[in-house]
Amino acid sequence: MAHTDDLYYIEKTQSGDAASFAFLVNRYKDMVYSIAIKILRDADEANDIAQDSFIKAYRQIDKFEGKSKFSTWLYTITYRTAVTRLNDKRVETVGMDLEVDEIADDLPDQFDQLQAKQVKHYVKQAIDRLPPIDATLVTLYYINDLPIKEIQEITGMSNPNIKIKLFRARKVLEHKLKFLLDNEKEIKNEG
C-alpha cells in the first residue's frame, strides 16, 4: 500500500509537480534522520544530512526506476551521504536498539513500565558505544525490521558481512549491558 502511494507521488514529482515530493519527505523524514543521527551522533550534522539526502533524492528522482522500494533507494542515499560525512570528519558515532522497547511497551503496570524505561536507557547507552556502522545495522535490522537483502541494497555490504556485523554487535551489546547493569546494582547496593 505504501509502495503504491509512493509511486503515485514519485510519478507526480517526476512530471514536474514539486509539491508532491513534500508527501515523500513527510513520510520518510523520521527514518532518514534516524539513519543520519545513528551514524553521525550529532543533531545538527544529522539534520544537514537529512536535508542533503532529500535534496539529492529530489534532484535524482528521474533516475528512480522503481526496481526497489523508494524507501530503500532513499535510505541508501542517506546512508552513503552520512558515511561520507563521517569519513570526512572521522567522527565516532553510535546507534540505538529498540527490541527492548517492544517488550517494555507491553508491560502492564507502572512499576514494570518504570523498570522498562530504565532498561531502555541502558540499552541506548550500550548502543551509543557501538561503532556507527554497527549501530546503523542494528537499527535497520532490529528497529525497522528490514530484511538483510534490503540492508544489503542500502549499505552495499554483502549478506555475510551484514550477518557477521549484526552477530558481533549483539555480543558487544550483551557485554556492555551486563557491565552497565552490574554497575547500577553496585551503586544501588552502596546507597
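In helix 8 of this predicted model, the residues I148, E150, I151, I154 and T155 are buried. When the helix is viewed down its axis, these buried residues fall within an arc of 155 degrees, and they therefore line one face of helix 8. Just after the helix, G156 takes a positive phi of about 80 degrees.

Positive phi values also occur at residues that are not glycines, although most residues other than glycine have a negative phi. One such residue is D145, which has a phi of about 55 degrees and lies in the loop between helix 7 (132–143) and helix 8 (148–155). With a relative accessibility of 56%, above the 50% cut-off, D145 counts as exposed. A positive phi, near 55 degrees, is likewise found at R41, a residue of the loop that joins helix 2 (21–40) and helix 3 (43–59). The relative accessibility of R41 is 26%, and R41 is therefore classed as partly exposed.

The loop between helix 1 (2–14) and helix 2 contains D17, for which a relative accessible area of 28% gives the class partly exposed. The side chain of D17 makes a polar contact, at 2.7 Å, with the side chain of S20.

Aromatic side chains form nine pairs in the structure. In the pair of F21 and Y58, the ring centres are 5.3 Å apart and the ring planes stand at 65 degrees, so that the arrangement is edge-to-face. This pair links distant parts of the chain, since F21 belongs to helix 2 and Y58 to helix 3, with their positions 37 residues apart in the numbering. F21 counts as buried because its relative accessibility is 6%, whereas Y58, at 35%, counts as partly exposed. For the rings of F70 and W73, the centres are separated by 5.6 Å and the planes by 45 degrees, and the pair is therefore tilted. F70 and W73 are three residues apart in helix 4 (residues 70–89), which means that about one helical turn separates them. Both residues are assigned to the buried class, F70 with a relative accessibility of 1% and W73 with a relative accessibility of 17%. F70 and W73 also belong to one aromatic cluster, which they form together with Y28, F64 and Y75.

Terms used: Residues numbered from 1 in each chain as written. Predicted model: local features only at pLDDT ≥ 70, side-chain atom pairs only at ≥ 80, totals over all residues. Heavy atoms only, no water. Helix = DSSP H or I, 4+ residues; strand = E, 2+ residues; numbered from the N terminus. Buried < 20%, exposed > 50% of the residue type's maximum accessible area, 1.4 Å probe, protein only. Polar contact = N/O pair within 3.5 Å; in protein donor to acceptor, adjacent residues only side chain to side chain. Arc of directions from axis to C-beta. Phe/Tyr/Trp six-rings, centres within 6.5 Å; stacked < 30°, edge-to-face > 60°.
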